[in-house]
Amino acid sequence: MAEKSPDFSGSVDQYPALSPEQRMQSPGIGASKWVRLNVGGTYFLTTRQTLCRDSKSFLYRLCQADPDLDSDKDETGAYLIDRDPTYFGPVLNYLRHGKLVLNRGLAEEGVLEEAEFYNIPSLIRLIKDKIRERDCKTVQLPIKHVYRVLQCQEEELTQMVSTMSDGWKFEQLVSIGSSYNYGNEDQAEFLCVVSKELHNQSYGTSGEPSEKAKILQEQGSRM
């Protein structure tokens with residue numbers, strides 16, 4: 001009697017239907033190597049390999065389902081982490097490629113706080129070195145000054161000095177004689193030297209004296 005061959009028609013999938021969360025947790029199926037994080041309301045998608053880069057870190061323990069670690073999930077299956085997502089980005093990128101990359105305006109101290117929270121010793125050391133290097137450069141930069149020479153008459157001195165602002169200060173007053181005669185009285189002429197600290201700005205972008213002082217400079221100029 002001939003044996004009946006098994007009928008495989010209609011057999012499409014050998015696995016039962018799984019939810020996205022079950023597929024994330026089931027080894028060998030679909031995207032099991034991917035992990036979804038909800039950090040302060042912002043979602044991050046990365047691999048378990050990235051998060052497990054440092055065996056001492058909070059993120060490593062998270063991926064290992066450490067029973068001592070309280071790790072809730074949201075409705076999408078993402079791990080909930082109540083931290084600032086702005087500073088988490090550099091931490092995650094460091095785990096990806098081993099380099100500390102900070103966007104302009106992002107404070108090293110903020111990333112340091114996150115590195116300490118997630119307990120990543122190598123990143124903590126790197127940021128502390130970067131902070132020390134930054135502070136050292138700031139201390140060693142010499143203070144630069146910009147000087148201006150304003151020419152004015154004796155009767156304009158008080159007004160000119162009183163209208164200086166924005167960090168400008170009086171340095172020196174030099175008499176250049178009384179070459180001009182207005183009516184029956186000679187008017188003494190002076191050169192007034194003023195200065196201002198640049199505070200690590202380039203010379204071309206330094207501030208100017210107040211508008212009144214500039215007007216006096218133009219009116220009193222005889223050079």
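**Salt bridges and cysteines in the predicted model**

The count for this structure comes to five salt bridges. The structure is a predicted model, and the bridges are a handy place to start reading it.

Take R134 and E109 to begin with. These two residues form a salt bridge, and their closest N and O atoms sit 2.7 Å apart. The pair ties together distant parts of the chain: R134 belongs to helix α6 (residues 121-140), E109 belongs to helix α5 (residues 108-117), and 25 residues separate the two. How exposed are these partners? R134 has 28% relative accessibility and counts as partly exposed, and E109, with a relative accessible area of 35%, is partly exposed too.

R134 has another partner to deal with. It also forms a salt bridge with D135, and here the closest N and O atoms are 3.0 Å apart. D135 has a relative accessible area of 35%, so it falls into the partly exposed class. Put these contacts into a wider picture and a network shows up: salt bridges link E108, E109, R134 and D135.

Helix α6 holds another pair, D129 and R132. Their side chains meet in a salt bridge, with 2.3 Å from N to O. Where do the two residues lie with respect to each other? Both are in helix α6, three residues apart, which is about one turn of the helix. When it comes to exposure, D129 is partly exposed at 40% relative accessibility, whereas R132 reaches 52% and counts as exposed.

Now for the cysteines. How many disulfides does the model contain? The count comes to zero. C152 is in no disulfide, and the nearest cysteine sulfur, which belongs to C192, is 6.0 Å away. Seen from the other side, C192 is in no disulfide either, and its nearest cysteine sulfur is that of C152, again 6.0 Å away. Why does this pair not count? A disulfide needs the two sulfur atoms to be within 2.5 Å, and the sulfurs of C152 and C192 are 6.0 Å apart.

Are these two cysteines buried or exposed? C152 has a relative accessible area of 1%, so it is buried. C192 has a relative accessible area of 0%, so it is buried as well. The salt-bridge residues give another picture: R134, for one, is partly exposed, and R132 is exposed.

Key. Residues numbered from 1 in each chain as written. Predicted model: local features only at pLDDT ≥ 70, side-chain atom pairs only at ≥ 80, totals over all residues. Heavy atoms only, no water. Buried < 20%, exposed > 50% of the residue type's maximum accessible area, 1.4 Å probe, protein only. Salt bridge = Lys/Arg side-chain N within 4 Å of Asp/Glu carboxyl O. Helix = DSSP H or I, 4+ residues; strand = E, 2+ residues; numbered from the N terminus.
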